[in-house]
Amino acid sequence: MTTGSLLAADLVIAVLAAAGWLGGGAASAARRRPLALGLVAFALLATLARAITIIALARAGWWFAAEKVLIAAPLSLAAVAVAGPRLLRAPGDIRSVAVPLLFAGYAASGGLLVTVLHGYPASAGVGLLAVAGVLAATTVTWRVLGARPSPTVSRAALAAAVAALVTGTGLAVTPDAVTGVAHDHGYRDARTAGEPTRRFTLTAGTATVDVSGRDVAAWAFNGQVPGPELTATVGDVLEVTLRNRDIARGVTLHWHGYDVPNSQDGVPGVTQAAVLPGQEFVYRFRADQVGTYWYHTHAASDVGVRKGLYGALVVRPAPVTGVDVTVPVHTLAGLPLPAPRVEPVEAGVRVRLRLINTDSTTHRYALAGTPFRVAAIDGSDLRNPTPLVATAVLIPAGGRYDLVFTAPATPVALSVDGREVYATGPVSAATGAWPVLDPLTYGVASPVPWARFDREFTLVLDRGLDLRGLLPRYAHTVNGAADPDIPPQVVRLGDIVKFTIVNRSQVVHPWHLHGHHVLVLTRNGRPATGSLLWLDSFDVRPGEVWEVAFRADNPGMWANHCHNLAHADAGMTLHLLYS
Ligand code: C2O
Ligand code: CU
């Protein structure tokens, strides 16, 4: 069983256990003895099963088990200890066990709430709050059911609850929010200098675009979705003038996967101000990296990219031969882009398909009719990629794969999630059952260039209640905090930095660090054995643990976030900082 499915199973069992105890309590209060006994037996079984899932999760890593071991387990044990003997001792009036059973139910629910609302890291404060809540609920139940605990017992319970509540509140509200870190906005380097050799102008504005025959209200660059494909040859100096006609929330250009100087990175509030209607901003950088990239607005990025403010950026090595096609996949107002493109290619011609996933979720691509290789991922060439046949690839949000093949005499077709987007002729192939390529075992390994790390950070991705803003929100969190309260990662120029990224949640988080490509070291404790993978976008699935590293060689303040842009918006954004 994967850690992801264990996490899900544990959640379901915890709900069942809580429901069993609460139902058993209610049934005994209503003097429904057989029902009560049945539910209690069920709850006991679920509690036992949970012990197993918690042990398995603890073996996968403390971050998956922490609050379950520290809070849920003691509460469950206390619940069983209180409810069990009473049940055996009281064959007469089943009603007398209602309070202990409901106590068990509150305890199980309390542990569950800590997992769902608070997450990682578990703190003493939150544990005490949970205990206070359980004791308070039990005391109230006691009174409502008219049972008569001795005054000493009820006063002791009340006092314990108040003490736990007070201590818990004190500990839970720790003032560790980090406020603005000063840095130099005027950072420039040689890579922005030089006479431009490629000039583009992108004007952002609202537009109505045609998607497979339907009019869609979009936000577009130069009136089209995607925006114009920007192409360059390695060594060019690009100058891109961004204008905003009427996007009230402002726009910027972020060069996704392109490790530009920080001043050109296009993150509003971090590297520049958002470009408002009527304003413009000029980006300039040298095209040092060959490969497939894309650009998109980083102002109101969730809605902005979704509505169409994106396009491809392709930098080619000097002479290029053969067919070279860019396939930026997107979902606009629920409709898939691009429209299918069908064009014959002569047998023997080299074809490169540059696949770009500009959505916030993973897409599955299948190339039928020819063996092919994955020549590059996220703009970096792979070492000795072997030919693949009848194999699908999964591209994370923001990620790019370059597929290459020599055109056969018969047609080939590329499909995305079963929909054809590119073909050289009619192909009928069922690709749905194809196995998926694991890039961590693909191609030929070279040694990892670093033996030790100067700085290490752990990022535990989860969900949790964020009470720091004006309105409470159910945020996507990193180490229990949400943007802007996640402490920045401060490193020094030249450091070799390692991230351990842990997904404790139930959804995929496509991780994206600006300004750097990270080298994948391990996934779930197993080292990557294929070609060195230098990624800027990678899916951390539920229950997965990734170790990646990079050299801090591009100073500035860099966004480091989930590229499910709704998640980034809902808290899952932090910053890497050095000068
Ligand atoms: Cu493509 Cu900060 O994102
Ligand atoms: Cu995410």
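Me: Hi! Which helices do the buried residues of H2 pack against?
Reply: Hello! They pack against helix H1 (3-29), helix H3 (62-89) and helix H4 (98-118). Keep in mind that this is a predicted model.

Me: Sure. And which residues of H2 are buried?
Reply: In H2 the buried ones are Ala36, Val40, Ala43, Ala46, Thr47, Arg50, Thr53, Ile54 and Leu57.

Me: Why do residues three or four places apart point the same way in an α-helix?
Reply: An α-helix has 3.6 residues a turn, so residues with that spacing point the same way.

Me: Ok, what about the span of H2, what is expected and what does the model give?
Reply: Helix H2 covers residues 33-60, which is 28 residues, and at 1.5 Å a residue it should span 40 Å. The C-alpha atoms at its ends are 41 Å apart, in agreement with that.

Me: What follows H2?
Reply: Gly61 does, and its phi is positive, near 140°.

Me: Switching to the metal. Which residues are the protein donors of the copper ion (ligand 2)?
Reply: His509 through ND1, Cys562 through SG and His567 through ND1. These donors lie 2.0 to 2.1 Å from the copper ion.

Me: How are those donor residues spaced in sequence?
Reply: The spacing is H-x52-C-x4-H.

Me: Is Cys562 buried or exposed? Same question for His567: buried or exposed?
Reply: Cys562 is buried, at 0% relative accessibility. His567 also counts as buried, with a relative accessible area of 9%.

Me: New topic, aromatics. How many aromatic pairs are there?
Reply: With ring centres within 6.5 Å as the cut-off, the count is 11 aromatic pairs. Take Tyr258 and Phe285: their ring centres are 5.6 Å apart and the planes stand at 45°, so this pair is tilted.

Me: Where do Tyr258 and Phe285 lie in the chain?
Reply: Tyr258 is in the loop between strand E5 (254-256) and strand E6 (280-286), while Phe285 is in strand E6. The pair therefore ties together parts that are 27 residues apart in sequence. Tyr258 is buried, at 2% relative accessibility, and Phe285 is buried at 2% as well.

Me: And how is the aromatic pair of Phe499 and Phe550 arranged?
Reply: That pair is edge-to-face, with 5.2 Å centre to centre and 75° between the planes. It links distant parts of the chain, with Phe499 in strand E23 (residues 496-503) and Phe550 in strand E29 (residues 545-551), 51 residues apart. Phe499 is buried with a relative accessible area of 1%, and Phe550 is buried with 0%.

Me: Which residues do ring pairs link into a cluster?
Reply: The cluster holds Phe221, Trp255, Tyr258, Phe281, Tyr283, Phe285, Tyr293 and Tyr295.

Me: Now the empty space. How many cavities of 30 Å³ or more turn up in the whole structure?
Reply: The search finds 1. The largest cavity holds about 30 Å³ of space.

Me: What lines the largest cavity?
Reply: Its lining is made by Phe499, Trp511, His512, Leu513, Val518, Leu535, Asp536 and Phe538. Strand E24 (residues 509-513) gives the most to that lining, with 3 residues.

Me: Last one: where is Glu547, and what does it touch?
Reply: Glu547 sits in strand E29. Leaving out residues up to four places away in sequence, Glu547 touches Lys498, Phe499, Thr500, Leu519, Val520, Leu521 and Thr522.

Me: How far is Glu547 from Gly84?
Reply: Their C-alpha atoms are separated by 45 Å, and the two residues are 463 residues apart along the chain.

Methods. Residues are numbered from 1 along each chain as its sequence is written. Chains are lettered from A and ligands numbered from 1 in the order in which they are written. This is a predicted model: local features need pLDDT of at least 70, side-chain atom pairs count only at pLDDT 80 or more; totals for chains, interfaces and linings use all residues. Side-chain values use heavy atoms; hydrogens and water are left out. Donors are N, O and S atoms within 2.8 Å of the metal (3.2 Å for Na, K and Ca); water is not among the atoms, so sites may look incomplete. Buried means under 20% relative accessible area, exposed over 50%, partly exposed in between (1.4 Å probe, protein chains only). Helices (H or I, at least four residues) and strands (E, at least two) are DSSP runs, numbered from the N terminus. The expected span of a helix is 1.5 Å times one less than its number of residues. Contact means heavy atoms within 4.5 Å. Rings of Phe, Tyr and Trp (its six-membered ring) pair if their centres lie within 6.5 Å; planes under 30 degrees apart count as stacked, over 60 as edge-to-face and the rest as tilted. On a 1 Å grid over the protein atoms alone, a cavity is a set of points where a 1.4 Å probe fits but cannot get out, and a pocket is an open set with protein on both sides within 12 Å along at least five of seven lines; lining residues have an atom within 4 Å of a point. Grid points are joined across faces, edges and corners, and a volume is the space filled by probe spheres set on the points.
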